[in-house]
Amino acid sequence: MRLNKDSQLVHVVLLMHAFVILLLLAYFGKFLFIPLFFSFLIAIFLYPVCSWFEHHGLNRLASCILCVVICILLCSVIIYFVSSQFQRFLKDIPFLEDKLNEWLQNFQQWVRRHYRLNGGTQVNYIDRYMDALSGAAGFTFNSFISVLLFATLSVFFIFYILFYRKELNNFLLSLFKASFRKKITEISYVIHETIVNYIKGLLTEMFILIFLSAVTLLILGIKYAILMAFIAGVFNIVPYIGIYTATLLNMLIAIASGNDGKSLEVLLVFVIIHIIDSNLITPIVVGNRIKINPFLTLVAVVAGKLVWGIPGMFLFIPLAGIIHVVIEKFAGMRSSEILA
């Protein structure tokens, strides 16, 4: 009995060590693993399209190239549309700066009245935070280079994952005993179906949210309605946190458009849409495609932010779903029994 408890304790300790090592590897290797895992998700989603092309006469090389080209074209159209909307908004930035300066002066007067801080002390605090913001703005060029590298790596990763999918699958199966390869194939199929259904549901939810937001804001006559709707739809991918961040950004955009009262309308619109999305759209469209409870979903979002930054908040949710599938299928099996 004592031996069994000791062996279980050793097994738990080894699992914890392996988990920590994997997290450290993911953190220090994020330049590789973020685009690789993102490409893996996109490649799984594009696999049915690639197979359809192959079944209709194209060879594997042409099918993979065509899938990647279609993906690039769709992304380019979306980026062009959003950037054109954003360029229009940039024209109102000077007004937003004036409004922020007005708020800042009112805030300084309030602080002076309640906390007896003179203007010089307040200016020092403000200059300190403005210097921090300026330093952050200095990373704009580096951020552009990072995004460009990420996009380039993702394109190549997607192509190679699609093109060498059979070789990758054979390599994975070769790591396990022959008696367990059927189980591994079953798990691969479940992971594929889970990811495809999840991405489909997420995209459907995103487009519904963009449509509802755009129509409502246009009816209310709010400027930059399309840009606000797109921001809300994209940020909503991150559970719990995304919609509130999008609402705050959209309220700032409404203020920049020249009407403070519109910001309250924007707040009301997105609160109502968030209620509809949480209680109607998400349960019907997304449902339980990633079968993890809300608490673990929130943990995955926070852990993703800590390990991979902003991209991790998106990517750790399907990663948690994949881990859940693997654990569920291998419950009660010891790794020593299945590894070759």
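Is Leu264 buried or exposed, and what is its relative accessible area? The exercises below concern a predicted model.

**Exercise 1.** Classify Leu264 by its accessibility and place it in the chain.

*Solution.* Leu264 is found in helix 11. Its relative accessible area is 56%. The cut-off for an exposed residue is over 50%, so Leu264 is exposed. Its C-alpha atom is separated by 8.9 Å from that of Ala254, 10 residues apart along the chain.

**Exercise 2.** Determine which elements give two or more residues to the nonpolar surface patch.

*Solution.* The patch covers about 940 Å², and its residues include Ile208, Phe211, Leu268 and Ile284. Helix 8 (181-219) and helix 11 (260-286) each give two or more residues to this patch. Ile284 belongs to helix 11 and, with a relative accessible area of 62%, is exposed.

**Exercise 3.** Compare the expected span of helix 8 with the separation of its end C-alpha atoms.

*Solution.* Helix 8 has 39 residues. The expected span takes 1.5 Å times one less than the number of residues, which gives 57 Å for helix 8. The end C-alpha atoms are 57 Å apart, in agreement with that value. Just after the helix, Gly221 takes a positive phi of about 75°.

**Exercise 4.** Classify the ring pair formed by Tyr27 and Phe28.

*Solution.* The structure holds 10 aromatic pairs. In the pair of Tyr27 and Phe28, the ring centres are 5.1 Å apart and the planes lie at 85°. Planes over 60 degrees apart count as edge-to-face, so this pair is edge-to-face. Tyr27 is partly exposed at 35% relative accessibility, whereas Phe28 is exposed at 67%.

Note on methods: Residues numbered from 1 in each chain as written. Predicted model: local features only at pLDDT ≥ 70, side-chain atom pairs only at ≥ 80, totals over all residues. Heavy atoms only, no water. Patch = residues over 30% accessible without salt bridge, like charges linked within 9 Å, V, L, I, M, F, W, Y side chains within 5 Å. Areas by Shrake-Rupley, 256 points an atom, 1.4 Å probe, with all protein chains shown as cover. Salt bridge = Lys/Arg side-chain N within 4 Å of Asp/Glu carboxyl O. Helix = DSSP H or I, 4+ residues; strand = E, 2+ residues; numbered from the N terminus. Buried < 20%, exposed > 50% of the residue type's maximum accessible area, 1.4 Å probe, protein only. Phe/Tyr/Trp six-rings, centres within 6.5 Å; stacked < 30°, edge-to-face > 60°.
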